[in-house]
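Biologist: I'd like to learn how to read a structure. Can you walk me through one?

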Amino acid sequence: MHQEIYAKVVVVGSGPAGYSAAFRCADLGLDTILIERYNKLGGVCLNVGCIPSKSLLHIAKVIKEARELHKMGVSFNSPVIDIERIKNWKNSIIDKLTIGLSSMSSKRNIKIIQGNAVFDTEKSLLVTNKNNVFSIFFENIIIATGSQPIKIPSINYNDQRIWDSTDALMLKNIPNRLLIIGAGIIGLEMATIYSALGSKVDVIDRFKHFLPTVDKDISEIYLKSINKRFNVILNAHIDDIKTKEEALIVKIIENNINKEYISYDAILVAIGRTPNIHELGLKKIGLQINNFGFIEVNEQLRTNIPHIYAVGDVTGVPMLAHKGTYQAHIAAEVIAGKNHYFEPKVIPFIAYTEPEIACVGLSEEEAKKNNINYKVSIFPWSASGRATASNATIGMTKLIFNKNNNQIIGGSIIGTNAGELIGEVTLAIEMGCDIEDIALTIHAHPTLHESIGLSAQVCKGTVTDLLNFKSKK
């Protein structure tokens, strides 16, 4: 059956960027169609990414904390892992959120069409599913098709023991030995989950330096914190995989030196993500792709074709849901006639490991490259009352500020719930706060977030929770 449909705005993709764009368009009074190739709304983030991973990371954190309570005089039996009940619980969370999205779409009168979309012309799409073909004509369109895991060409993905992040979050089984290729955020989060569930995990990465975009003092704290839970091997890659019925036999090259073959029950490939744009027919309509393989957009999220917009992962790094959501609002508002722009000073990122790593703004290395006259102020969590009482002393709050004007230009936090703390630093940078603004703000005690205020006090020479070498100056 072939149908023709007309709309003011079409949004392709229903992940955080896509559904946010559609919802904002509808709220602004624009007739909106939302196209999604899968049966559920929410995209990768909700269905096979952010939400399920955070659910499993919560379990991993509780298991770790329960084990550590033994030192404090509280002992539990060894955890019994019921993988089916865990999967059911995880899926119930996903179902609750996807049903919520469908309900909000309906109440906003957004028409949802399930199928694969391809540009027919600059002003129309062909959308096909098992039963129907739709010709959809539009005045404006927002591309929000997200991304997918990058594959290593030499690896045989037909073997069910070779996983990507989607496979890992399905909890097919808990392998006795798991190899993770890629020590980025996804790889580390999966290592956190599976090591807590009982797997012996090795993580390998081609980089010589661990988390190269993060300051070295932060990454060193993290490496020390996980050395008993899983193993990280840097400057390493796979040279050969022998597929045996009983195991995957892997030869790893580390520091250009051959290692003996090691047996693994599963291998997770987590080397990054690539945008979902190659099946949209963009070349046919002449849409511009940049040198990095992403859709080129301006500060209003317009492509080189003015009525075609792009938001989220398809626009490039950082490939983060909160960036895509923010972009989505801007694109919708521009279509509605508002003179808005996507020009954030900073975008925070978080590794939801244990401990968490949260960073925003410039790192020290970036400040050096930009020839900024900067200074660092650090408060160690070993001096925090709340961290000590909560068995969370492995942590640090670090602020970077410009010495010329004392403005905050960056911040990094490592520790329990660091992701919940980074918001204050993000707001400080956006508002142009200087270090004194934070130092003179009263922070509640005892809390972990007061470490931000204390770090600022270290800089100002007013801190009393540490030995103060500036106190007489």
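Biologist: What span should helix H6 have, and what is the distance between its end C-alpha atoms?

Modeller: The expected span is 1.5 Å times one less than the number of residues. Helix H6 has 13 residues (185–197), so 18 Å is expected, and its end C-alpha atoms lie 19 Å apart, which agrees. Helices (H or I, at least four residues) and strands (E, at least two) are DSSP runs, numbered from the N terminus. This is a predicted model: local features need pLDDT of at least 70, side-chain atom pairs count only at pLDDT 80 or more, and totals for chains, interfaces and linings use all residues. Residues are numbered from 1 along each chain as its sequence is written, and side-chain values use heavy atoms, leaving out hydrogens and water.

Biologist: How many residues of H6 are buried?

Modeller: Buried means under 20% relative accessible area, exposed over 50%, partly exposed in between (1.4 Å probe, protein chains only). In H6, 11 of the 13 residues are buried, so the rest of the structure largely encloses this helix. Among them are Glu189 and Tyr194. Just after H6, Gly198 has a positive phi of about 120°.

Biologist: And Ser377: buried or exposed?

Modeller: Ser377 is buried, at 1% relative accessible area, and sits in strand E20 (residues 374–380). Contact means heavy atoms within 4.5 Å. Leaving aside residues up to four places away in sequence, Ser377 touches several residues, including Thr397, Phe401 and Cys459.

Biologist: What is the order of the strands in the open sheet?

Modeller: Strands of a sheet pair through backbone hydrogen bonds, either parallel or antiparallel. Here two strands count as paired if DSSP finds at least two bridges between them. The order is E8-E15-E9-E10-E11, with parallel pairing.
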